[in-house]
There are 2 protein chains.
Amino acid sequence: MPGSKAGELERKEQILSAAFTVATREGLEGLTIRRVATEAGLSHGLVPFHFESKDRLLAALLDRLFASTGAFEVGPEILRLESPLERLLALLRQEMARLTSDRAGIQLFFDFWHMGTRHPRIRAKMRAELKRYREAFSPMVEQVLQADPRRFADVSPDGLAAVVVSFIKGSAVQSVIDPEGFDVAQFTVAANALLSELGESSA
Amino acid sequence: MPGSKAGELERKEQILSAAFTVATREGLEGLTIRRVATEAGLSHGLVPFHFESKDRLLAALLDRLFASTGAFEVGPEILRLESPLERLLALLRQEMARLTSDRAGIQLFFDFWHMGTRHPRIRAKMRAELKRYREAFSPMVEQVLQADPRRFADVSPDGLAAVVVSFIKGSAVQSVIDPEGFDVAQFTVAANALLSELGESSA
DNA sequence: CCAGATGTTGAACACGCGGTCAATGGAGGG
DNA sequence: CCCTCCATTGACCGCGTGTTCAACATCTGG
């Protein structure tokens, strides 16, 4: 007894949503076509019918991950801040907050990051996202550089941006392997203290 | 036609060595008992004979990874340095250098990190290693804190150590997804500039 | 009201996995 | 010299996977 029909788009959305649920619950390792279909209440044959293959499903899922969570986006409330230092710290706080509030999203992101290590298509997407992310820091980073030209004589904007991103990615990675042991509050306080003197000479 | 016999220890070593080769070439995802046996030139039945199960093999492989590369160890040549700042920077340089010199090892470490996300035994090992790693920074980090008590009033040693580790882990993670695009030299210069003023008031 | 188009189902396929174990044969002690 | 160990082999098992596709249900336009 086949189920009722549905439009192309609704079905794809339904499947993708189920895939997201399964992926956050079981990880990408545990994401199988049959599990997704079961989660969506459909026959497993439907998944490769609407998404040509599992790879395409994964690519679509990653796009959804980028879009759905505001993950790694620099929101307007941050861009509205005038001081580059304040923006930097606000962004840092935002990302630190995500470590506890959007743990599932971070986990899934980390899963894809790992997958990107071996899958060229995924890797390309992750690189693009990483680049986008780094470039969001460009304005503030350049102002920091200009604030103390002597100290940062040999420092390029990209290099400093990479350091800032390392703060965030590194903390995410630590929180993923040890969610209880990694103290976000302590981390934020320490990072603030480290950075707090940076922008002051430019104020 | 069975092959020649060998002692318990030599066989285990041979298998483990083959497993290491396969793991660095194909990733943990592509590490199968049959591939390891083929790499070692043995029948696949021998692997679960000497290592009770694949899980045990993986655990042994992780121990070997910890031991073989001097990865994440604070060597004597670093401990010999007197200034805490110098030690910190030396360690940072050492780890940055590893990103290019021991890329395979870093990749494998990252693979295990990801696996630890879902496998409790692996996770426990990774946490222990992370803790060991963080604690290696304790002496220098505490001196940094003491150098400027007002600035770091609310900062705990653990918090600051977590920040420093984030530097390193974050850069490793970036290098893993984009080995060519991540400029280690730029990163080091930027990090040095950021940290260079930290210890000076204590000197 | 009836085709033709199309979404849907679930059996089937080939594959590779981890694991098991009877059979084999080489090595060493009695 | 033979006989007992035991490392070694490779066929075999059960399982789960991604993918295919004939059969079928449902919807739609004439």
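In this predicted model, the largest nonpolar core holds 113 residues, and the members that touch the most others are A:Ala19, A:Phe112, A:Leu160, B:Ala19, B:Phe112 and B:Leu160. One of these, B:Leu160, gives a feel for how the packing works. Leaving aside residues up to four places away in sequence, B:Leu160 touches B:Val141, B:Val144, B:Leu145 and B:Val155, plus A:Ala190 from the other chain.

Now for chain A as a whole. Chain A is built from 11 helices, with zero strands, so to speak a plain run of α-α-α-α-α-α-α-α-α-α-α when read along the sequence. The C-alpha trace of chain A spans about 75 × 30 × 30 Å along its principal axes. Of the 203 residues in chain A, 37% are buried. Take the contacts in chain A between residues at least 6 apart in sequence: 61% of them join residues at least 24 apart.

How do the two chains sit relative to each other? Chain B can be laid over chain A by a rotation of 180° with 0.0 Å of shift along the axis, giving an RMSD of 0.1 Å. The two copies are therefore related as by a two-fold rotation axis. Within chain B, the residue that comes closest to this axis is B:Gly170, whose C-alpha lies 1.8 Å from it.

The contact itself draws 44 residues from chain B and 43 residues from chain A. On the chain B side, the elements that give two or more residues are helix H7 (103-116), helix H8 (120-136), helix H10 (157-177) and helix H11 (184-195). H10(B) gives the most, with 16 residues. Sorted by character, the chain B side comes out as 21 nonpolar, 13 polar and 10 charged residues. Because 98% of the interface residues of chain B are also interface residues in chain A, the copies meet through the same surface.

A closer look at one residue of helix H10 of chain B, B:Asp158, rounds out the picture. Is B:Asp158 buried or partly exposed? B:Asp158 has 19 other C-beta atoms within 10 Å, so it counts as partly exposed; being buried would take 20 or more. Setting aside residues up to four places away in sequence, B:Asp158 touches A:Asp183 and A:Gln186. B:Asp158 and B:Ser175 are 17 residues apart in sequence, and their C-alpha atoms lie 25 Å apart in space.

Note on methods: Residues numbered from 1 in each chain as written. Chains lettered and ligands numbered in written order. Predicted model: local features only at pLDDT ≥ 70, side-chain atom pairs only at ≥ 80, totals over all residues. Core = buried A, V, L, I, M, F, W, Y, C linked by C-beta atoms within 7 Å. Buried ≥ 20, exposed ≤ 12 C-beta atoms within 10 Å, placed from the backbone. Contact = placed C-beta atoms within 7 Å. Helix = DSSP H or I, 4+ residues; strand = E, 2+ residues; numbered from the N terminus. Nonpolar A, V, L, I, M, F, W, Y, C, P; charged D, E, K, R; others polar. Least-squares fit on C-alpha atoms with pLDDT ≥ 70 in both.
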